[in-house]
Amino acid sequence: MLTEVFNTVLHTLTDPVGLGLCLGGVLVGIILGALPGISSTMALAVLLPFSFGMNLPHAMLFLIAVFSGSVYGGSISAILINIPGTPGAIVTQMDGYPMARNGRAGEALTYALFASTLGGILGWILLVILAPLIASVALAFQSPEYAAIALFGLAMLAYSSPGSTFLGLLAGVIGLLVATVGLDPTTDIERFTFGLGSLQLGLGIIPAAVGIFGIAEVLKGIEHGGPRLRPIEKLSRMLPPWQEASRLWVTGLRGSIVGAFVGAIPAAGSAIAVAVAYAQEKRRAKNPEKFGTGIPAGIVAPESANNACVGGALIPLITLGIPGDSMTAVLVGALLIHGLRPGPAMFEQHLDFVAIVYVALLFAVVATLAIGLLGNRYFARILRTPRAMLLTAVTVLCIVGSYAVRNSLYDVVVMIGFGGVGYVMNRVGIPTAPVIFGMVLGPILEENVRRSMIIYDDWSVFVTRPISAAVLAISLATLVLPGLRALAGQLARRKTRGV
Amino acid sequence: MPDLSKRAPITEANIVTEGSLEASSVPNLAADPQNQSNGCHAILIGFALLLLTAALAYGVVQNPVLSEDFGSDPGPALQPVLLLWLLGAGGAILVADGLFRLWREPDWPRFSFAGFREMAVPVAMILSLLVAAWLIKRTGFIVVLSVFSIGWGATLALQDLGRKQPRQVILLALGAGLIAAGIYLVFKKLIGVPLD
């Protein structure tokens, strides 16, 4: 087995096509991530179909490169035009843009790049260390534990969704329901097909993700016209003063650790990680009032956290089969297309795949640094891409990409349907990512609940097995405690007003 | 309803709040003053969810095989039925919450068609996408994608530039058409997707 892994790694390291795909993936990822309105998830969803014609190692190299590149790319527009390219860059703009306005745009980009690299490497180290440990524990898990972990993923998703826990949960329920459409995998009985033959195939995760993360965002983007963006193009010097930069190592390390651990929590995502990292750095600062005025620490902390999330988010994916964020949820779709179902068994049966993920992420981090160093001076021009061409191209990619899943127009119609639903959900403030999470977690939950019942024939099995019971208790607390805290707050306020 | 598109601008104050994970915890459907304009949407969405629940429940009821005895296996109906209960309850909570607020809070915003006007272009895009999907079978990908891209390229260019720069609009529309043709070629020739 180890020889096989060694051969895989060696082949990946010496394969020019793979290296080219990695570099290309990072470049395209940076460009798409930098464009406002195209999130990392959207970039991954619309570029996913390009991987259908590749073998698994090439597909992983390409997709992880896009993932890593787009996360860094989000900071470019945050710094140069004060609009975050990706949700993970929302905090970067707070100090990035003022710093650019102060004539230090080039230095701000370099800080973001090096912080991204540091975060990426620390996230990778955590992935390499923690993933085998978690997987070795998870190998002892049986169906009740998996069912409990799937529920925990849903609870975390509802808790960390933007807006309210209730709406996040509602969106997750919709995703779980969507996953039940089609033939039941255990009994082959039709569910929610209403006599339509095409619905027997179910509603695919990839068309749904392309619709929700691609078309829905395009629809939002075409509501109004907009003037062409005018980024700060005068970057002046690129390298920051050594004395200033050398003091920021610890900030980067702290941000990376926060990012990697928050990223490893199922469904938590980079938006939370960057907020936590920034808030933590501000609390520790001697001059917290300087945050928001364009100081390097305000860029380094969130950017290192943002990129550390990439490695962190891959941990629950490859060890438990549960996505760490919306991007890894899209990656699950890619793995299913290639006939792989992520989970702890991968460390026994597909160790070569795990090795590819490790190599791909490290390559992607290094490639992001290299391309960033060479291209940072020119990326501002990307932001001038006319909206008419950009949004039309994304729409065409969505059509062709969803067709390419099974060479079926049915998937195109599914994609359009999810695009429309995602657009309405965005408009009324219901988070959309839980729908895709629900679609990923639904089959895991159902399969393991039913298998548990077939084996143990007793519902109490979920609370009598210690790990399952503990995970269920944490899930319940995740859902109930915020509501109770809010209720207690309301009661306290009423009491104060009464007094 | 908490509407993200109308959330308060990002400031250090609310970043610190989000950093401490407080932002996501309060299930108050119309508490955010930034979102008052969309208050009545909660009721509409609640009714839509109740309708969806009813339609899907019909899908379960009209399929008696789902309710057969599968021994110790809880059967294929377990998860859908439980989820339908949750979805129905969610819809009912949205409607009840909305109606309660309409009754108790006179300042709560009433229904307005203003938001629907913004949706005209996106709805046109969805309809054109459905027409395109229908036409692809009849005329092939390249024709449909080119016409679609040139049409929408021109529409969006007009939206941005107005009618005063016709040359720019034409160039952008043709550029969009060329990109579509490029994507078609990449998928057909490089990836091998049968786009005929």
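Q: Buried means under 20% relative accessible area, exposed over 50% and partly exposed in between (1.4 Å probe, protein chains only); is A:Phe50 buried or exposed?
A: This is a predicted model, where local features need pLDDT of at least 70, side-chain atom pairs count only at pLDDT 80 or more, and totals for chains, interfaces and linings use all residues, while side-chain values use heavy atoms without hydrogens or water. Residues are numbered from 1 along each chain as its sequence is written, with chains lettered from A and ligands numbered from 1 in the order written. The relative accessibility of A:Phe50 is 18%, so this residue counts as buried.

Q: How many aromatic pairs does a search of the whole structure find?
A: Rings of Phe, Tyr and Trp (its six-membered ring) pair if their centres lie within 6.5 Å, with planes under 30 degrees apart stacked, over 60 edge-to-face and the rest tilted. Searching over all chains gives a total of 5.

Q: What angle lies between the planes of A:Phe50 and B:Phe187?
A: The A:Phe50 ring sits in the loop between H3 and H4 of chain A, and B:Phe187 in helix H7 (residues 166-190) of chain B, so this aromatic pair joins two chains. With 0% relative accessibility, B:Phe187 counts as buried. The rings are 4.7 Å apart, centre to centre, and the pair is tilted, with its planes at 40°.

Q: Which residue of chain B forms an aromatic pair with A:Tyr403?
A: This pair is edge-to-face, at 4.7 Å centre to centre and 65° between the planes. A:Tyr403 belongs to helix H16 (residues 387-406) of chain A and its partner to helix H6 (residues 141-161) of chain B, so here too two chains are joined. A:Tyr403 is buried at 11% relative accessible area, and its partner is buried at 2%. That partner is B:Phe141.

Q: How many residues are in the largest nonpolar core?
A: Such a core is a set of buried Ala, Val, Leu, Ile, Met, Phe, Trp, Tyr and Cys residues joined through side-chain atoms within 4.5 Å. Two of our aromatic residues, B:Phe141 and B:Phe187, are among those that touch the most other members, as are A:Met60 and A:Phe353. Helix H5 (residues 92-138) of chain A gives the largest share, 16 residues. The full membership is 205.

Q: How many of the 12 residues of H13(A) are buried?
A: Helix H13 of chain A covers residues 326-337 and reaches 17 Å from its first C-alpha to its last, close to the 16 Å expected at 1.5 Å a residue. Its buried residues include A:Ser326, A:Val330 and A:Leu335, and among what covers them are helices H4 (56-80), H12 (297-320) and H18 (433-456) of chain A. The helix is largely enclosed by the rest of the structure, because the buried count is 10.

Q: What phi does A:Gly339 take?
A: This glycine comes just after H13(A). Its phi is positive, at about 80°.

Q: Which residues is A:His58 in contact with, leaving aside neighbours within four places in sequence?
A: A:His58 lies in helix H4 of chain A, and its 14% relative accessibility means that it counts as buried. Taking contact as heavy atoms within 4.5 Å, its partners are A:Asp15, A:Val17, A:Gly18 and A:Leu21.

Q: How many helices does chain B have?
A: Helices (H or I, at least four residues) and strands (E, at least two) are DSSP runs, numbered from the N terminus. Chain B has 196 residues, of which 39% count as buried. It has 0 strands, and its helix count is 7.

Key: The expected span of a helix is 1.5 Å times one less than its number of residues.
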